Amino acid sequence: MTLAEKGEKDAGASRAGKPGAVSASGIASATFADMPEFGVGHATDPVALTGCTAFVARGDAGAGVTCGVDVRGGGPATRETDLLKPENMVQAVNAVVIGGGSAFGLEASCGVMEVLAERGCGFAIGPARVPIVPAACLFDLLIGKPTWPDKAMGAEACTCALAFDAGDGDELAQGCVGAGTGATVGKLGRPEQVMKSGFGWSGLKLGGVAVIACVAVNALGNVIAEDGSWLAGVRDADGTVIDPFEAAAATMAAQMGVGDINADATAHTGPCENTTLGVILTNAQLTKAQATKVAQQTQDAYARAIKPVHTLSDGDTVFVMASGRTQAAPDVVGMLATEAMEAAIRSAIRHASAPSEPPLTPRTAPA
């Protein structure tokens, strides 16, 4: 059990992120009310099964926040990640966008840029303002309809983020919403063996330092529960989640014509497109280099909760957005972020719709 999960259990807090009691270590659950400088908004297409989520710096942080990124997967679909390298010029971003649609979905970030530009936000070049909006997308084109988040959806998510008010009772939805709408896990077997996933979040704070981890889980591998059992992933005929390596071995045997003579000849024969996309929000003061290191540390949460992870068929990415309101040791931020992200991954699974229904059957060709 992670610190985030223990904090919520001790306080009787729900997965919606209600604040918890302070533990003996001083660590407590954090909510978006602890960081009003960040707004988060979803745009969801429940018919096409795709969407996007925008994380927007606003208020006192409206001029931009420090951002770092770490990309571990072998098949990322990203935008402006090179800009976040510590040695490069721009020191602040105005928003981060994650969504579905693979590389097509990067279009949504242009909608976010337009909304922010209308508000005068962005990197100043003479009288012009260019909003800095890094983005990453996951592959959900074979679930639902063959479409993707466009500029209009990006603008919708940004508008929702700017209006988001956790202090007034707004709660950020989890499950099959935003970037997690078309997310699935457990794709080392046959296409019909996959299981629905979604978007989740979890937060921790220590003293004045708050960290919230948000994630859309669209992994090739299985998701592991706190006790080491399978929480979600490849399912066999009776719906039991099985070891992904066993499923992969059965699929390979079917493809090579060996093993069980009754093996399904329709087993998946190509690379499966996947990606787990995470965003860490913190009120800590970090440099770009420190934010990048926190992003690297947070990838440990992926390794703890997903098996296998960081494969050639994944585009696993973590962004870190730091508003700079509070002094904090970067390693403390990294430890809180890693714990919160591990809990957020499991929350995404637990909030996904219809997890007990028969496995989904992705389309094998555009309809």
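This passage describes the fold of a predicted model, from the chain as a whole down to single residues.

The chain contains six helices and 18 strands. Of its 367 residues, 56% are buried. Among the contacts with a separation of 6 or more, 79% are between residues 24 or more positions apart.

A good place to begin is strand β12, which spans residues 199-206. Six of its eight residues are buried, so β12 is largely enclosed by the rest of the structure. Strands of a sheet pair through backbone hydrogen bonds, in either a parallel or an antiparallel sense. For β12, two partners can be described, and both pairings are antiparallel. Strand β1, made of residues 27-29, is joined to β12 over three bridges, and here Ala28 lies opposite Lys205. Strand β13, covering residues 209-218, is joined to β12 over eight bridges, with Ile212 of β13 as the bridge partner of Gly203. The hairpin formed by β12 and β13 has two residues between the strands, and Gly207 there adopts a positive phi near 65 degrees.

Turning to the helices, α2 (residues 108-118) packs against α3 (residues 151-163). Two packed helices are described by the angle between their axes and the distance between the axes. For α2 and α3 the angle is about 50 degrees and the axes are 6 Å apart. The two helices are therefore oblique to each other, and the crossing of α2 past α3 is right-handed. On the α2 side the contact is made by Ala108, Cys110, Gly111, Val112, Glu114, Val115 and Leu116, while α3 contributes Lys151, Gly154, Ala155, Cys158, Thr159 and Leu162. Sorted by class, this contact comprises eight nonpolar, three polar and two charged residues.

Helix α3 is one of several elements that cover the buried residues of α2; the others include the strands β3 (50-57), β5 (77-79), β6 (95-99), β8 (128-130) and β9 (135-137). The buried residues themselves are Ala108, Ser109, Gly111, Val112, Met113, Val115 and Leu116. After α2 comes Gly120, with a positive phi near 80 degrees.

Another part of the model holds an open sheet of three strands, ordered β15-β14-β17 and paired in the antiparallel sense. Its edges are formed by β15 (230-232) and β17 (306-307), each of which has a single partner strand, so one side of each is left without a neighbour in the sheet. Strand β14, residues 222-224, is connected to β15 by two bridges, and Ile224 has Trp230 as its bridge partner in β15. Helix α6, residues 330-350, packs on this sheet and touches β14, β15 and β17, its direction making about 60 degrees with that of β15.

Val223 gives a closer view of this region, being located in β14. With 0% relative accessibility, Val223 counts as buried. Beyond residues up to four places away in sequence, Val223 touches Val185, Val217, Ser229, Trp230, Leu231, Ala232, Ala305, Ile345 and Ile349. The C-alpha atoms of Val223 and Gly233 lie 6.2 Å apart, with their positions 10 residues apart in sequence.

Thr44, in strand β2 (residues 38-45), offers a second residue-level view. Its relative accessibility is 30%, so Thr44 counts as partly exposed. Setting aside neighbours within four places in sequence, Thr44 is in contact with Thr50, Gly51, Met153, Cys176, Val177, Gly178 and Thr181. Thr44 and Pro149 are 105 residues apart along the chain, and 8.5 Å separates their C-alpha atoms.

Some backbone details in the loops complete the picture. Leu49, in the loop between β2 and β3, has a positive phi near 60 degrees although this residue is not glycine. At 25% relative accessibility, Leu49 counts as partly exposed. The loop between β17 and β18 (317-326) holds Pro308, which is joined to Lys307 by a cis peptide bond with omega about -15 degrees. His310 is found in the loop between β17 and β18 as well. Phi of His310 is positive, about 60 degrees, in a residue that is not a glycine, and a relative accessibility of 24% makes His310 partly exposed.

Note on methods:
Residues numbered from 1 in each chain as written. Predicted model: local features only at pLDDT ≥ 70, side-chain atom pairs only at ≥ 80, totals over all residues. Heavy atoms only, no water. Buried < 20%, exposed > 50% of the residue type's maximum accessible area, 1.4 Å probe, protein only. Helix = DSSP H or I, 4+ residues; strand = E, 2+ residues; numbered from the N terminus. Pairing = 2+ DSSP bridges. Axes fitted to C-alpha atoms, helices over the stretch in contact; angles between N-to-C directions. Parallel < 35°, antiparallel > 145°, perpendicular 65-115°, else oblique. Left-handed = near helix turned anticlockwise from the far one by under 90°. Contact = heavy atoms within 4.5 Å. Nonpolar A, V, L, I, M, F, W, Y, C, P; charged D, E, K, R; others polar.
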